[in-house]
Every structure is written in C-alpha cells, then in structure tokens.
Amino acid sequence: LPTHNTRRHSTPDSPRTILQGSSQDRPAASMLERDPDHLSSASQSSMQMPMFFEWSFDTIVLFKQLHVQNPSTYFTLCVVLIAICILKQYLVLQQVLLVGSRDKVFLETLLYITHTSIGYALMLVCMTFNAGLFVATMVGLAIGHFLFPPVTFENVKGLVDSERKLAALQGCCAH
C-alpha cells in the first residue's frame, strides 16, 4: 500500500488540520519541522525542567556550564546562595539609605541595579524547582532581612537625631 503524508493531502477543514493548525498558525512548529536537530534539543530541554519541586543533587543552575552533580558541590552552591541573598539584602539597605542624596545619585542607581539584578537571578534559581536551592534562597533572604532590616522613616529619623545629638555632644565637650 502506498503511504500518504496526511498533512500534505489534508484539506484546510479536515479534522487533522483543525487539531494541528496550519503551518502558518504554528511558526514554532514549522521551524521545528525544518530543523530536526532543534526538535530533539527542544524536547530534551523540556524533559529536564520539572514543573514541580524535586529534591535532587543533579541540577543545572542559570547556565548549562553550572551543572551540579554531587552532594558536596550542591552543598557549596547552597552556602553561596545564602551568602548572595545576604549580600542582596545589604545592598538594598545601602541603596535605601542613599535615596535622596543628590551627590550620590550614581552610587544609589548602581546599588539599585545590582540588587535588582541579583534578585532576578535568585528568582531564576528558584524557578529550577529544586527544593534545596529554593530553601537555601529563602533562608538566605530571611537571614539578610534579619541582619539588615528594612529602613522605615522612624528608623532614619531616629538615626539622624542620634547623629545630631552626638555631634552636639562632641562640639560641646571639645571646648
């Protein structure tokens, strides 16, 4: 029996065409049909990324080259993530303290873009759905929040008042 390519011989209204859509409606599919190597790599990458949390030492983080495969490297990565989270919270505090300082606008902007970039990278780490990396990120952010609490107006006002009192005392006692 001759084999038929049902796609080529199907009419625009046939059930197969309606379910699959035409190649004009599916630009990604038509690209995959033209490049079979892309199809295999696309299907492999979709299999590697889970859509649920899993506990595994074998994970890829941010870049293909950062492929963690053993417990010691995984543990090191968790410690580094905690340190990065603490650094992020420190940068947030420093940036907030500089807000409104006209002579340090560039530094404030640099701190802002740095901690924001770190935050997005941490979000991508969490999106690996690796439960251990997620927990390490949350622990690091919690420690950072504890060590460098958010600045409120009352805290800043109290800090400024304390510095003024200290300056007044030093000026008074210097004579």
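**Exercise 1.** Which elements do the buried residues of α7 pack against?

*Solution.* Keep in mind that we are working with a predicted model. Start by listing the residues concerned: Ala-131, Gly-132, Leu-133, Ala-136, Thr-137, Gly-140 and Gly-144 are the buried residues of α7. Next, look for their partners in the structure. These buried residues pack against β1, α5 (71–98) and α6 (105–126).

**Exercise 2.** Work out whether the span of helix α7 agrees or disagrees with its number of residues.

*Solution.* Helix α7 covers residues 131–147, which is 17 residues. At 1.5 Å a residue, the expected span is 24 Å. The end C-alpha atoms of α7 are 24 Å apart, so the two values agree. While you are at the start of α7, find Asn-130: one of its side-chain oxygens comes to within 3.1 Å of the backbone nitrogen of Gly-132.

**Exercise 3.** Classify Thr-59 as buried or exposed, then find its contacts beyond four places in sequence.

*Solution.* First place the residue: Thr-59 belongs to strand β1 (residues 59–60). Its relative accessible area is 9%, and buried means under 20%, so Thr-59 is buried. Now for the contacts: setting aside neighbours within four places in sequence, Thr-59 touches Leu-66, His-67, Val-68, Tyr-74, Thr-128, Asn-130 and Leu-133. Among them, Leu-133 is one of the buried residues of α7.

**Exercise 4.** Decide how Ala-142 should be classed by its accessibility.

*Solution.* Ala-142 sits in helix α7. Its relative accessibility is 46%, and the partly exposed class lies between 20% and 50%, so Ala-142 counts as partly exposed. To finish, pair Ala-142 with Gln-89: they are 53 residues apart along the chain, with their C-alpha atoms separated by 9.1 Å.

Terms used: Residues are numbered from 1 along each chain as its sequence is written. This is a predicted model: local features need pLDDT of at least 70, side-chain atom pairs count only at pLDDT 80 or more; totals for chains, interfaces and linings use all residues. Side-chain values use heavy atoms; hydrogens and water are left out. Helices (H or I, at least four residues) and strands (E, at least two) are DSSP runs, numbered from the N terminus. Buried means under 20% relative accessible area, exposed over 50%, partly exposed in between (1.4 Å probe, protein chains only). Contact means heavy atoms within 4.5 Å. The expected span of a helix is 1.5 Å times one less than its number of residues. A polar contact is a pair of N or O atoms within 3.5 Å; within protein, one must be able to donate a hydrogen and the other to accept it, and residues adjacent in sequence count only if both atoms are side-chain atoms.
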